Amino acid sequence: MRIFVLGARAESSLPREAWRELAHLFPTTNLHVIMIGPESMANRDDEFPLPPRTASNPWGMVVEDDVWPTMKMSTIVDYYHTIHKTGYFTPYDPYFDCFVLFHPGLGHPASSHEWEETLPMLLETKIPILCTGYTRFDMQRDIDWVNKTATGEFDLLLEPGENLFRSLKWDLNDLDPQDVSCGNWGVWAFRGKR
Amino acid sequence: MEDYEEHMKICDTLKEINEDEHDLRSGRAFPEFQLGAPQMAEAAVNLSNWDTYLYTREFDAINDNRAMRHATRLLTYPVTIGSVLHEFSPYSIAQEKRLTPEGLKSFSGSSIACVRTGMG
């Protein structure tokens, strides 16, 4: 099973013990978690320099194959849409592959434009796209954006709502004390229409 | 002040955030970050909510609210994914369980994948 975490930021530097929970949840499945995005090496300074881009490793992927005997993690510091165009990850398996977007800010005015080129590619693969949001407002803005950008081109897989496994720790926006959020407050999922 | 009650709720949350942040930087030992061991094949994980999850995964963090806040801040990333893809997902096509018929189709593959196959 391949799990592509797109626009990875803080989650890519989480202790590997945390990520290992996935291996314990799916003990008989081989898992490959692939962190992709320009900020996917944030807070991982001791792992630099990145591997060179070579014929056998064209994206200079950082590979950790010892997370667990059944689980591998890889990191690519680049935009998913750049990699998608080369067909590097094809074929996609609509039942065993999955995209995960943690608080992507699809509809956020500062990041929306970065997802414009990506969205049609994600839909084209027909694999599930799991999204989370910091708050109800943040998540709804993403949903509205997808509705507007890809009208009629996707199926909803999981109705948007509060995530049963949101972070119980609240976080504060230092610039706006009224803005209280938490990691993965809400969750929803969709995919390209078949 | 008409929003007094809301205001008090925000104050409580702000206080909690502040105390959590201080605690994280206190330098104390953090047993809540000693994460789980492999799940025994005969003991099913209960993905109903954080309480049942941490309990069935035998996390110490379950015994203290602050420890739970710290631990869930990390665990939310893998467990959010797992909770949607797992055969014991709390999301289903039953009323108000949020999974759509299309979702059932898409996620059936990953949930079949975790059915025990005699390993473990």
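## A buried helix and a mixed sheet

Helix α3(B) is largely enclosed by the rest of the structure, because 18 of its 21 residues are buried. This is a predicted model. The report starts from that helix, then turns to the sheet of chain A and to some backbone details.

**Chain B**

Chain B holds 4 helices and 0 strands. Along the sequence its pattern reads α-α-α-α. The radius of gyration of chain B is 18 Å, whereas a compact globule of 120 residues would have one near 14 Å. Along the principal axes, the C-alpha atoms of chain B fill a box of roughly 55 × 40 × 20 Å. Of the 120 residues in chain B, 32% are buried. Contacts between residues at least 6 apart in sequence were also sorted by separation: in chain B, 43% of them join residues at least 24 apart.

Helix α3 of chain B covers residues 65–85 and is kinked. The kink is about 55° and lies at Thr76(B). The proline Pro78(B) follows shortly after Thr76(B).

**Where chain B meets chain A**

How many residues of chain B are in contact with chain A? There are 47, and they touch 49 residues of chain A. On the chain B side, α1 (4–24), α3 and α4 (101–113) each supply at least two residues. Helix α3(B) gives the most, with 17 residues. By class, this side of chain B has 22 nonpolar, 18 polar and 7 charged residues. The kinked helix of chain B is thus also a main part of the contact with chain A, giving the most residues to that side of chain B.

**The sheet of chain A**

In chain A, 8 strands form an open sheet with mixed pairing. The strand order is β3-β4-β2-β1-β5-β6-β10-β7. The edge strands are β3 (62–68) and β7 (154–162) of chain A, and each pairs on one side only. Neighbouring strands of the sheet are turned by 20° against each other on average, direction ignored.

Helix α4 of chain A, residues 118–125, packs on this sheet. It touches β5, β6, β7 and β10 (186–192) of chain A. The direction of α4(A) makes about 70° with that of β10(A). Helix α1 of chain A, residues 16–25, lies across β2 (31–36), β3 and β4 (71–76) of chain A. Helix α1(A) runs at about 70° to β3(A).

**Strand β5 of chain A**

Which residues of β5(A) are buried on each side? Asp97(A), Phe99(A) and Leu101(A) are buried on one side, and Cys98(A) and Val100(A) on the other. Both faces of β5(A) are therefore covered. The strand spans residues 97–101, and 5 of its 5 residues are buried. In a regular strand the side chains alternate between the two faces of the sheet.

Strand β5(A) has a partner on either side in the strand order, β1 and β6. Strand β1 of chain A, residues 2–6, runs parallel to β5(A) and is joined to it by 4 bridges. Strand β6 of chain A, residues 129–133, also pairs with β5(A) in the parallel sense, over 3 bridges. Phe99(A) takes part in both pairings: it is the bridge partner of Phe4(A), and it stands opposite Ile129(A) in β6(A).

**Backbone details**

Most residues other than glycine have a negative phi, and most peptide bonds are trans. Some sites here depart from that.

| Site | Feature | Value |
|---|---|---|
| Phe48(A) to Pro49(A) | cis peptide bond | omega near 0° |
| Thr90(A) to Pro91(A) | cis peptide bond | omega about -5° |
| Glu58(B) | positive phi, not a glycine | about 60° |
| Glu96(B) | positive phi, not a glycine | about 65° |

These sites lie in loops. Pro49(A) sits between β2 and β3 of chain A. Pro91(A) sits between α2 (80–86) and β5 of chain A. Glu58(B) is in the loop between α2 (50–56) and α3 of chain B. Glu96(B) is in the loop between α3 and α4 of chain B.

Why does Glu58(B) count as exposed? It has 12 C-beta neighbours inside 10 Å, and a residue is exposed if there are 12 or fewer. Glu96(B) is exposed too, because there are 7 other C-beta atoms within 10 Å.

Notes
Residues numbered from 1 in each chain as written. Chains lettered and ligands numbered in written order. Predicted model: local features only at pLDDT ≥ 70, side-chain atom pairs only at ≥ 80, totals over all residues. Rg over C-alpha atoms; globule rule 2.2 N^0.38 Å. Buried ≥ 20, exposed ≤ 12 C-beta atoms within 10 Å, placed from the backbone. Contact = placed C-beta atoms within 7 Å. Bend = angle between axes of the 7 residues up to and from the residue. Nonpolar A, V, L, I, M, F, W, Y, C, P; charged D, E, K, R; others polar. Pairing = 2+ DSSP bridges. Axes fitted to C-alpha atoms, helices over the stretch in contact; angles between N-to-C directions.
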